[in-house]
Amino acid sequence: MVKELDEKIGTLPDHVGWRLWQASRAWQTEFAAAMRAAGHAWFSEARAGLLGHIPRNGTRQSELIERAATSKQAVQQLLDGLEAEGVLERFPDPRDGRGKLVRYTRKGLDALRDGDRIKLQIERGYIDRIGEQRFAALMDALRSLDAGRADASEEASEPE
């Protein structure tokens, strides 16, 4: 029975989701390695996933938990580590004594600036590999896919 199933599976389809996932993973790995090479030894993909949800001027910790779409405990653990590394700081929200605000320290802002530079370096590497026209077309296509997703979610949330 198992042998029959194995023989019927064949090869998996080469689909856009798989290609997007692979490209995203390769980009994340390259970015994280470059950040560590730039002197940010504390940088990891998990921490980057959280930092991407924190605006440069900071945010409420409760909003961060919602944006990150992960458990309160996971966010807390990542924040504890980033605070211990001196990347972020937390302090009481003056508008709500129970809440906390999260903001970048000087070290965190320096890392963001390095991250911006590294992202552009990675893009230049992509342009060198596939050419300016193909890269521009890729960016246009990705923007269109993202805009289509936003349009679809707006339509789904409209009352009938």
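**Figure 1. Leu-145 is an exposed residue of helix α7.** In this predicted model, Leu-145 counts as exposed because its relative accessibility is 56%, where exposed means over 50% relative accessible area, buried means under 20%, and partly exposed covers the range in between (1.4 Å probe, protein chains only). Leu-145 belongs to a nonpolar surface patch of about 440 Å², which it makes together with Val-16, Leu-20, Leu-138 and Leu-142. Such patches are made of residues with over 30% relative accessible area and no salt bridge, with like charges joined within 9 Å and nonpolar side chains (Val, Leu, Ile, Met, Phe, Trp, Tyr) joined within 5 Å. Helices α2 (16-37) and α7 (132-157) each supply at least two residues of this patch, and α7 gives the most, with 3 residues. Residues are numbered from 1 along each chain as its sequence is written. Because the model is predicted, local features need pLDDT of at least 70 and side-chain atom pairs count only at pLDDT 80 or more, whereas totals for chains, interfaces and linings use all residues, and side-chain values use heavy atoms, with hydrogens and water left out.

**Figure 2. The protein chain as a whole combines helices with strands.** The secondary structure comes to 7 helices and 3 strands, counted as DSSP runs and numbered from the N terminus, with helices (H or I) of at least four residues and strands (E) of at least two. Read along the sequence, these elements follow the pattern α-α-α-β-α-α-β-β-α-α. Of the 160 residues in the protein chain, 24% are buried, and the accessible surface comes to about 11,400 Å², with 54% of that surface belonging to carbon and sulfur atoms. Accessible areas come from the Shrake-Rupley method with a 1.4 Å probe, and for residues only the protein chains shown count as cover.

**Figure 3. Ile-118 of helix α6 is a buried residue.** The relative accessible area of Ile-118 is 2%, which means that this residue counts as buried. Leaving aside neighbours within four places in sequence, Ile-118 is in contact (heavy atoms within 4.5 Å) with Phe-31, Ala-34, Met-35 and Ala-38. Although Ile-118 and Ala-34 are 84 residues apart along the chain, their C-alpha atoms are separated by 6.9 Å.

**Figure 4. Arg-47 in helix α3 is buried and has no salt bridge.** A salt bridge is a side-chain nitrogen of Lys or Arg within 4 Å of a carboxyl oxygen of Asp or Glu. For Arg-47, which lies in α3 (residues 45-51), the nearest side chain of opposite charge is that of Glu-85, at 4.1 Å; in this scheme Lys and Arg count as positive, Asp and Glu count as negative, and His and the chain ends are not counted. Glu-85 is nevertheless among the residues that Arg-47 touches, and the others are Trp-42, Leu-78, Gly-81 and Leu-82, when residues up to four places away in sequence are not counted.

**Figure 5. Salt bridges occur within helices α4 and α6.** Arg-67 forms a salt bridge with Glu-63, and the closest N and O atoms of this pair are 3.3 Å apart. Because Arg-67 and Glu-63 are 4 residues apart in α4 (residues 61-68), about one helical turn separates them. Arg-67 counts as partly exposed, at 36% relative accessibility, and Glu-63 also counts as partly exposed, at 34%. In α6 (residues 106-130), Arg-117 and Asp-114 are 3 residues apart, again separated by about one helical turn, and their side chains meet in a salt bridge of 3.5 Å, N to O. A search of the whole structure finds 14 salt bridges.

**Figure 6. Arg-90 joins strand β2 to helix α5 through Asp-80.** The salt bridge between Arg-90 and Asp-80 has its closest N and O atoms 2.6 Å apart, and the pair links distant parts of the chain, with Arg-90 in β2 (residues 88-93) and Asp-80 in α5 (residues 72-84), 10 residues apart. Arg-90 is buried, with a relative accessible area of 17%, whereas Asp-80 is partly exposed, at 36%. Within the strands, the bridge partner of Arg-90 in β3 is Val-102.

**Figure 7. Strand β3 pairs with both β1 and β2.** Two strands pair if DSSP finds at least two bridges between them. Strands β2 and β3 run antiparallel and are joined by 6 bridges, forming a hairpin with 2 residues between them. Strand β1 (residues 59-60) pairs with β3 (residues 96-104) over 2 bridges, also in the antiparallel sense, and here Arg-60 stands opposite Leu-101.
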